Amino acid sequence: MIGILGRLDYTPSGKEAYIIYKSLFDMVHSYDMEVIGIIPNSIKKIKDIIDMCDGIILSGGSNESSYDNEIIKYIYDNNIPCLGICMGMQEMCMLYGGVMKDINNHHSDLKYAHEVVTKDSMIYGNRIIKVNSRHDSAIIKTDLDIVGKSLDGVIEMVEDKHKKFFVGVQWHPENLYMVSSDAKVLIDKFISSLK
């Protein structure tokens, strides 16, 4: 079972709602994995739910919860496979020595937007991969292993090689999954780390 951290968002009428994007749910479900949404409302309950899961996805979004750092630290300390997407990656980096800044050149639709050069990545090795881009802030420093950067130097992928799977990506693999072999490689590796 894979737990996906729900993110606070707002309905068109302005009401608060916790969401998990359907594209992310569909991607995980295509591996015949059970999915459970994690709503950050009580750290003890969250830890109990995490303990039931084989792996965790920290989804993208715009709003953090007050429990996010505790959730990530618990995942890290217990060596639970974790994939951080967009804001999920940024939170991972910030907890482990990260510094972030605003940028304005990485906000496009969720289709292919640019290339990332990977170096010594346990997922991709040394190569160029095609990713999408939808963020307006970027990590400029972290204690995690920086293994992928865009051609303009933005950190796009981090790993901790001492963990089963502790990987963060700035892009949205769930939106490229059906069309990009590069996105599928990442998800395949995450799923295989659960066994």
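This is a short talk on the fold, the inner spaces and one helix contact of a single protein chain.

Before I begin, please keep in mind that what you see above is a predicted model, and that every value I give was computed from it.

Let me start with the chain as a whole. The protein chain has six helices and 13 strands, and its C-alpha atoms fill a box of roughly 40 × 40 × 35 Å when that box is taken along the principal axes. How does the radius of gyration agree with that of a compact globule? For 195 residues, a compact globule would be expected to have a value near 16 Å, and the protein chain, at 15 Å, agrees with that.

I turn now to the open space, where the largest pocket holds about 410 Å³. Its lining is made up of 22 residues, and those that lie nearest the centre of the pocket are Y21, G61, S62, R134 and H172. If you would like to follow the lining along the chain, β2 (7-10), α4 (87-95), β8 (107-121) and α5 (173-176) each supply at least two of its residues, and the largest share, three residues, comes from β2. As for chemical class, the lining of this pocket divides into eleven polar, six nonpolar and five charged residues.

There is also enclosed space to consider. How many cavities of 30 Å³ or more are there? The count comes to one, and the volume of the largest cavity is about 40 Å³. Around the largest cavity we find G6, R7, L8 and Y18, together with P40, and then N63, E64, S65 and D68. By class, that lining has three nonpolar, three polar and three charged residues.

D68, which I have just named in the lining of the largest cavity, brings me to my last topic, the contact between two helices. The axes of helix α3, which covers residues 68-77, and of α4 come within 10 Å of each other and cross at roughly 80 degrees. Because angles from 65 to 115 degrees count as roughly perpendicular, α3 is roughly perpendicular to α4. On the α3 side the contact is made by D68, N69, I72 and K73, and on the α4 side by E91, M92 and L95. Sorted by class, this contact has three nonpolar, one polar and three charged residues.

To link these parts, I would point out that α4, which takes part in the contact with α3, is also among the elements that supply at least two residues of the lining of the largest pocket.

Notes. Residues are numbered from 1 along each chain as its sequence is written. This is a predicted model: local features need pLDDT of at least 70, side-chain atom pairs count only at pLDDT 80 or more; totals for chains, interfaces and linings use all residues. Side-chain values use heavy atoms; hydrogens and water are left out. On a 1 Å grid over the protein atoms alone, a cavity is a set of points where a 1.4 Å probe fits but cannot get out, and a pocket is an open set with protein on both sides within 12 Å along at least five of seven lines; lining residues have an atom within 4 Å of a point. Grid points are joined across faces, edges and corners, and a volume is the space filled by probe spheres set on the points. Ala, Val, Leu, Ile, Met, Phe, Trp, Tyr, Cys and Pro count as nonpolar, Asp, Glu, Lys and Arg as charged, and the others, Gly among them, as polar. Helices (H or I, at least four residues) and strands (E, at least two) are DSSP runs, numbered from the N terminus. Axes are lines fitted to C-alpha atoms, for helices over the stretch in contact, and angles run from 0 to 180 degrees between N-to-C directions. Angles under 35 degrees count as roughly parallel, over 145 as roughly antiparallel, 65 to 115 as roughly perpendicular and the rest as oblique. Contact means heavy atoms within 4.5 Å. The radius of gyration is taken over C-alpha atoms; the globule rule is 2.2 Å times the number of residues to the power 0.38.
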